[in-house]
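Please open the model in your viewer and keep the sequence panel beside it, since the tour moves from the whole chain to single residues. Take each stop in turn, and make the suggested selection before reading on.

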Amino acid sequence: MEKVYKLLKNVGGWNIAIGVLIIVVGIALGVINIVSGALLLRNRKNILF
C-alpha cells in the first residue's frame, strides 16, 4: 500500500508542475500575440494588399 501512496504523490506533484508550466507558457504566448498585433496595428499604413 505504501508504494501506491508514494506513486500517487509523485504523479500528483508532476501534474501540478506541468499545469503551472502550461499556464506560464500560455500567458507568455498570449502576451507575445498581443504585442505583435499592436505592432501590426501601429504599422498598418505600410501594409499593402
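**The whole chain**

Begin with the entire protein chain selected, and notice that of its 49 residues 0% count as buried. Keep in mind throughout that this is a predicted model. The C-alpha trace spans about 70 × 15 × 5 Å along its principal axes, and the chain contains 1 helix and 0 strands. If you switch on a surface display, the protein chain exposes about 4900 Å², of which 74% is supplied by carbon and sulfur atoms.

**Helix H1**

Next, select residues 2–42, which make up helix H1. These 41 residues reach 60 Å from the first C-alpha to the last, and this is close to the 60 Å expected at 1.5 Å a residue. How many of the residues of H1 are buried? The number is 0 out of 41, so helix H1 lies largely in the open.

**The salt bridge**

Now select Glu2 and Lys6 and show their side chains, where a salt bridge joins the two, with the closest N and O atoms 3.7 Å apart. A search of the whole structure finds 1 salt bridge. The two partners, Glu2 and Lys6, are 4 residues apart in helix H1, which means that about one helical turn separates them. Is Glu2 buried or exposed? Glu2 counts as exposed, because its relative accessibility is 57% and the cut-off for exposed is over 50%.

**The nonpolar patch**

Move along to Ile23, Ile27, Val31, Val35 and Leu39 and select them as a group: they form a nonpolar patch on the surface, and together they have about 450 Å² of accessible area. Within this patch, look at Ile23, a residue of helix H1, which is exposed with a relative accessible area of 52%. Then turn to Val31, also found in helix H1, where the relative accessible area is 46% and the residue is therefore partly exposed.

**A last distance**

Finally, keep Ile23 selected and add Ile47, then draw a line from C-alpha to C-alpha. The two residues lie 24 positions apart in sequence, and the distance between them in space is 33 Å.

Methods
Residues are numbered from 1 along each chain as its sequence is written. This is a predicted model: local features need pLDDT of at least 70, side-chain atom pairs count only at pLDDT 80 or more; totals for chains, interfaces and linings use all residues. Side-chain values use heavy atoms; hydrogens and water are left out. Helices (H or I, at least four residues) and strands (E, at least two) are DSSP runs, numbered from the N terminus. The expected span of a helix is 1.5 Å times one less than its number of residues. Buried means under 20% relative accessible area, exposed over 50%, partly exposed in between (1.4 Å probe, protein chains only). Accessible areas come from the Shrake-Rupley method with a 1.4 Å probe; for residues, only the protein chains shown count as cover. Patches are made of residues with over 30% relative accessible area and no salt bridge: like charges are joined within 9 Å, nonpolar side chains (Val, Leu, Ile, Met, Phe, Trp, Tyr) within 5 Å. A salt bridge is a side-chain nitrogen of Lys or Arg within 4 Å of a carboxyl oxygen of Asp or Glu.
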